[in-house]
Amino acid sequence: MKFYRGDLNCQVAKTHHKKPVILYWGCLLLIVISFTNSFGQTEEVFHTDSILTVHLQEVILIKSRMPEDYQKQAKPLAFIDDYLEKSHKVCMVKRGAYAWEPMVNSMTSERLSITIDGMRIFPACTDKMDPITSYVDVSNLQHAKITSGQEGAEIGSAIGGGIDLQLDKSGFENKGWQTSFESGFEANNMQRILGSEINYSDKMSYVDADIIYRKADNYAAGGGEEVAFSQFEKYNLSANGGIKINKNESVSASFIYDEARNVGYPALPMDVSLARGIIGSAEYQNQRLLGLDDFTSKIYFNTITHIMDDSQRPDVPIRMDMPGWSDTYGFINKANLKTDKHSLLLKWDGFYNRSLAEMTMYPNNSNEPPMFMLTWPDVHTLNTGIYLEDELQLNDGQLKLSGRLAFQDNRVADEFGLNSLRIFYPNMEASQTRLLKSISVRYRKSLGNFEVSTGLSFGDRAPSVSEGFGFYLFNSFDNHDYIGNPEMQNEQSYEANGKLSWKKGKANFTLSGNYFHMPNYIIGEVAQDLSTMTIGAAGVKIYTNLDHATQYNATLESNFEIASHLSCDAALSYHRGFDHEGRNLPFISPLAYSASLQYAQKSFTAAFQLSGAGDQVNFNPEFGEDKTAAYTVFSLNMGKNFTFGNRNLIYAKVGVENIFDTWYSTFTDWANIPRMGRNVYATLTYNIN
């Protein structure tokens, strides 16, 4: 049996597991009972699997040159999406096996700032099939920094938070030449992975280069059900290097080329024949400029090409081609200054983006001419802003103040596209200017084994290109065409957040939460008087400002070292969101949980993991949602480092995901497409030092 999104109407199997939930709570109980082992301990250092918490930030380690860190990765050659999902703030919207869209605090990409090494990059697909995270790979990256709410304002105006993917660089360390070869295989979709990297560094220069190639067939859901049009093929190569001018000054540059072809999206009516990203930057750094502790200045560019087509789909009502392009040029100037009580960060950044997308429809009747329209009417966006941050050390704690003020101008450059929008907005101007604001205050205090932090913030954002200027964008999730609205006001957010941590010896508990009140919330509402453009669409929606929406999130996390080589961690999270009329907001996570048991001794590691969620009962059928059933899945992995002499030459990792081959679908799975069933994988890394 094959599954694909052909009729836009799929039902989710009702799976509910109570025993795994009991196991989860059993893991929590084990930690509580084991507290007696920690009261006599004095060591205050606690290590998680790969997430380090810094105030409201999470740093997810992706690649490390330290063997002990690399061995902890459950799946070293996984996509960046898998690494991001380790954060309890992050969920991924899945439209297929490739290029998942990240959400932070249950907010999608319009409400986030997502950057690569601080560089602003914008997708070229009107259907969100090419999130920024899809144009890098684990071979490029060292870690991902995830920020919540207005903590993300450092990298751009946002409501929900930010994700900054930091590139992997050797730096000016005297390590000489290092080379590695990597290979991986996943049995479920026959994914083949090959990669290699070469690095050289000394005290005056460094150079890094890497390449990775992936190819996968259709994957199978639980029970062996083939999910058609879920194949993909991509390769990624990158290079970066730096030279020291003198003791305090250096210059560096980076380049990434990423290309994916024949990418299937089983949840959508179209696939992707080409998704290509070219990203480059040059940077100057001075550690003693005008008395500053550190000054950096960066210029960058990137160009994204994305081509959707349905040529491989059977029996489509009308053939379509939908190419899109996004080009961005930007700069970042950043200075740090530290005194006895202050740690100041001053940043001035800006970017210029051009987004263009079009659609050509080819009627089945060859006598009829093709129909052409601009879905993004060549929108030019100019944004420049100043960000200021001060961490003040007080006698009884730490106070952090931050703010951003940005100017943004949007201009519709294509006359045909402008006139198309003027059908709905006759008085629309070609250009509009907005002022974007953010301010945040946060206080942290340590009280023995406890640490308390609380914060308040305000921020706003401009409508995205789709929200402001999109023209008949089909959303297959709710089966509606969407039209942008350039007359909307900025969406705003008033946020309150807090965190309480307890740490004693090798045990750690953290309770955190945030509350968002969002006036002028942007969402699509049905326009009864408009006709659809897409064959079979249920209606037309126009983006509009609601009076307000409310959202809150809470997470309980725990970590504990049971014995010298055995540790356990668990997490429980709850999310809720609704508008001013009490309607549920889309893509809000139900109660979710995870737990893992990890063993590490010398060169051997092993981990047993479970993750799951409760029934999704707070859904909204107006946006295509329905009730998704509770589920729990289990995974297991083992790794071994083989040394020859004093050198770590070979590292092998094997594992199995979804051990019991459970068929399940989650609230973020577009059109209820099922997740991957049992998947056995293996990776092998060979290092030459």
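**Exercise 1. Find which residue pairs with Arg 583 in a salt bridge, and work out what the pair ties together.**

Step 1. In this predicted model, Arg 583 forms a salt bridge with Glu 622, and the closest N and O atoms are 3.0 Å apart. That fits the cut-off of 4 Å between the side-chain nitrogen and the carboxyl oxygen.

Step 2. Now place the partners. Arg 583 sits in the loop between S32 and S33, while Glu 622 sits in the loop between strand S34 (604–613) and strand S35 (631–644), so the bridge ties together parts that are 39 residues apart in sequence.

Step 3. Check the burial. Arg 583 has 17% relative accessibility, so it counts as buried. Glu 622 is partly exposed, with a relative accessible area of 41%.

Step 4. Look past the pair: salt bridges with shared partners join Glu 525, Asp 579, Glu 581, Arg 583 and Glu 622 into one network.

**Exercise 2. The structure holds 34 salt bridges. Take the ones made by Lys 128 and Glu 491, and describe where their partners lie.**

Step 1. Lys 128 bridges to Glu 101, with 3.2 Å between the closest N and O atoms. This pair links distant parts of the chain, 27 residues apart: Lys 128 is in the loop between strand S7 (119–120) and strand S8 (141–148), and Glu 101 is in strand S5 (residues 101–104).

Step 2. Lys 128 is partly exposed at 23% relative accessible area, whereas Glu 101 is buried at 2%.

Step 3. Glu 491 meets Arg 111 in a salt bridge of 2.8 Å, N to O. Here the partners are 380 residues apart, with Glu 491 in strand S27 (residues 491–504) and Arg 111 in the loop between S5 and strand S6 (112–116). Both Glu 491 and Arg 111 are buried.

**Exercise 3. Which residues touch the most other members of the largest nonpolar core, and what is Leu 84 in contact with?**

Step 1. The largest nonpolar core has 100 residues, and Leu 84, Tyr 98, Ile 116, Leu 165, Tyr 265 and Trp 670 touch the most other members.

Step 2. Zoom in on Leu 84. Leaving aside neighbours within four places in sequence, its contacts include Ile 60, Val 90, Met 92, Ile 146 and Leu 165. Apart from the largest core lies another one of 6 residues, among them Tyr 593 and Phe 634.

Step 3. Now go to the surface. Phe 301, Tyr 329, Tyr 352, Leu 382, Leu 405, Phe 407 and Leu 435 make a nonpolar patch of about 640 Å². One of these, Leu 435, is in strand S23 (residues 431–447) and is partly exposed, with a relative accessible area of 46%.

**Exercise 4. Locate Phe 587 and Asn 658, and say what their phi values have in common.**

Step 1. Most residues other than glycine have a negative phi. Phe 587 has a positive one, near 60°, and the phi of Asn 658 is also positive, near 50°.

Step 2. Phe 587 is in the loop between strand S32 (566–579) and strand S33 (592–601). Asn 658 is in the loop between strand S36 (647–657) and strand S37 (679–688).

Step 3. Phe 587 is buried at 10% relative accessible area, and Asn 658 is buried at 4%.

**Exercise 5. Where is the pLDDT below 50?**

Step 1. Start with the chain: its mean pLDDT is 89, and 90% of its residues reach 70 or more.

Step 2. Among the elements, strand S13 (residues 219–220) has the highest mean, 98, and strand S2 (residues 51–54) the lowest, 38.

Step 3. The stretch below 50 is residues 1–55, which has 122 contacts in the model beyond near neighbours in sequence. Where pLDDT is low, predicted coordinates shouldn't be read in detail.

Key. Residues are numbered from 1 along each chain as its sequence is written. This is a predicted model: local features need pLDDT of at least 70, side-chain atom pairs count only at pLDDT 80 or more; totals for chains, interfaces and linings use all residues. Side-chain values use heavy atoms; hydrogens and water are left out. Patches are made of residues with over 30% relative accessible area and no salt bridge: like charges are joined within 9 Å, nonpolar side chains (Val, Leu, Ile, Met, Phe, Trp, Tyr) within 5 Å. Accessible areas come from the Shrake-Rupley method with a 1.4 Å probe; for residues, only the protein chains shown count as cover. Helices (H or I, at least four residues) and strands (E, at least two) are DSSP runs, numbered from the N terminus. Buried means under 20% relative accessible area, exposed over 50%, partly exposed in between (1.4 Å probe, protein chains only). A nonpolar core is a set of buried Ala, Val, Leu, Ile, Met, Phe, Trp, Tyr and Cys residues joined through side-chain atoms within 4.5 Å. Contact means heavy atoms within 4.5 Å. pLDDT is the predictor's confidence in each residue, from 0 to 100.
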